[in-house]
Amino acid sequence: MHLVESTNANNKIDFKQALINPNAPQGGLYSPLTLPLFDGEKYSALSYKDFALKLIESFGFGYEDLFKKALKSYENFDDKHCPIRLRKIKDKLYINELYHGPTRAFKDMALQPFGVLLSEFSKDKNILIICATSGDTGPATLKSFEKASNVKVVCIYPKGGTSRVQELQMRALDKDNLKVFAIKGDFDTAQGTLKQLLHSKDFQNKIKALDYELCAANSVNFGRILFQIIYHYYASLKLYAELKESAEIIIPSGNFGNALGAFYAKQMGAKIAKIKIASNANNILSEFFNTGIYDLQGKILKKTLSPAMDILVSSNVERLLFAKFGDKRTHELMSLLKNKRVFKLEKEELQSLQEDFEADFCTDEEVIEFIRANKLLIDPHTATCFKLVDTTKTQIITATAEWSKFTPSMIKALYDRECVDEKSDLELIARDFDLEAKEDILNLFDMKKENEQVFDPAKIQEAILEWVQK
């Protein structure tokens, strides 16, 4: 199977090319023209890794031996046999814990095998990966490539726009072939900077002159999305085998890649009912799915307790538009968003989206209340999902990060006070819930403090080129 550009389906490319160079010529995103039907029930007895391989093989990309090697990266997770934990918390309500990898966030589920694939595909090349992060993509990407000899990684993040632990995780990995740049602005600024770099002919030529090929590790890269389909399909299959009922999946969503993975899984045959999108106060996605209007006009990004969702430009909505309405309509809508900062779906188009999706948003106050009321160690992103819980239906909440990355919010919710010392308070929560605090998280707080340079986004290209040449 080939992938095609979302705004020009005549532009076809194979999986390897799309993974190494995700920059489509017209600025669209590489996507499947059609999705394979996959009979997951046939493989329900397989281990997660073997099930994943069968699902990937259904796409017909080839490279089976490399995919098999990539999936072995899950052996570095808490349970080497299965990277996810599907946990029942109430009658008909389950949590799919996706944060049991090395950086304690769901991004490891895609970026650990992605790192192996890209390293294998590019053995004879030097690769420069650039990613923008609102908190979790950065640490997960850096961790995935920390031992790669021919890959350099640049991570751009908004200063003050991540949790302290997320920032410390990035700083701890800022060495040798890995570089972290804090910039002025918010995540949309960081993501916009990334897109400008990826599509700048001048930057591409300068990187090529340094004998590097340019690549992206954000979910603009379909290689990321592929691995996100698997855990939604697998979790829904496990519940269907037990309850004989399709599950709704509730997903805290910022850049929409996680939700897109669930949508693709459903299209491929997974027993998924509605996909429910949980937003924070930056409620552009809930507004979109309820009204059909995607409107950036006059919108100002708000900082919330769930910083990884502090996003207004959700890149992967483009792939959903393409899957639903085709390349010409997608090109039209994305052009409107770029030039007018708003687009509006037709009535029947909105109805088509609402066949698969529902959406709502959560305030910080509601996030605190959901953590407090449930007495569960759920992080502030996962907590937004409880707004969409319906006790009459089988539902899976998608847990995207471990609570330990957001101790100040957890302290406020569980003890109704401000965090005094993050390391001590993290250890307090772990003791009270009879858990062992992760050593690699605790050690972050003992790192030597350094004055980090904060860059103007306009100066990032120059700074990256200077670093690559060293």
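This briefing covers the open and enclosed spaces, the cysteines and one buried loop residue of the structure above. The model is predicted. Its largest pocket has a volume of about 1000 Å³, and a search of the whole structure finds two cavities of 30 Å³ or more. The same kind of search for disulfides finds zero.

**Largest pocket**

- The volume of the largest pocket is about 1000 Å³, and 35 residues line this pocket.
- Closest to the centre of the largest pocket are Lys-195, Val-313, Met-334, Leu-337 and Lys-338.
- Two or more lining residues come from each of α7 (187–199) and α12 (317–340).
- The element that gives the most to this lining is α7, with eight residues.
- Sorted by class, the pocket lining holds 14 nonpolar, 14 polar and seven charged residues.

**Largest cavity**

- The largest cavity encloses about 280 Å³ of space.
- Its lining consists of 24 residues, and those nearest the centre are Phe-106, Lys-107, Gly-254, Asn-255 and Ala-308.
- The elements that contribute two or more residues to the lining of the largest cavity are α9 (222–243) and α10 (257–267).
- This lining has 13 polar residues, eight nonpolar and three charged.

**Second largest cavity**

- About 40 Å³ of space lies in the second largest cavity.
- The residues that line the second largest cavity are Arg-87, Ile-95, Glu-97, Tyr-99, Leu-377, Ile-378, Asp-379, Thr-382, Ala-399 and Ala-401.
- By class, six of these lining residues are nonpolar, one is polar and three are charged.

**Cysteines**

- A disulfide is a covalent bond between the sulfur atoms of two cysteines.
- Zero disulfides are found in the whole structure.
- For Cys-362, the closest cysteine sulfur is that of Cys-385, and because the two sulfurs are 8.7 Å apart, they are too far from each other for a bond.
- Cys-362 counts as buried because its relative accessibility is 1%.
- Cys-419 has a relative accessible area of 23%, so this residue is partly exposed.

**Asn-282**

- Asn-282 sits in the loop that runs between β11 (272–279) and α11 (284–291).
- With a relative accessibility of 5%, Asn-282 counts as buried, the cut-off being under 20%.
- Apart from neighbours within four places in sequence, the contacts of Asn-282 are Ile-300, Leu-301, Lys-302, Thr-304, Met-309, Asp-310, Ile-311 and Leu-312.

Key
Residues numbered from 1 in each chain as written. Predicted model: local features only at pLDDT ≥ 70, side-chain atom pairs only at ≥ 80, totals over all residues. Heavy atoms only, no water. Helix = DSSP H or I, 4+ residues; strand = E, 2+ residues; numbered from the N terminus. Buried < 20%, exposed > 50% of the residue type's maximum accessible area, 1.4 Å probe, protein only. Contact = heavy atoms within 4.5 Å. 1 Å grid on protein atoms, 1.4 Å probe; cavity = no way out; pocket = protein on both sides within 12 Å on 5 of 7 lines; lining within 4 Å. Points joined across faces, edges and corners; volume = space filled by probe spheres on them. Nonpolar A, V, L, I, M, F, W, Y, C, P; charged D, E, K, R; others polar. Disulfide = S-S within 2.5 Å.
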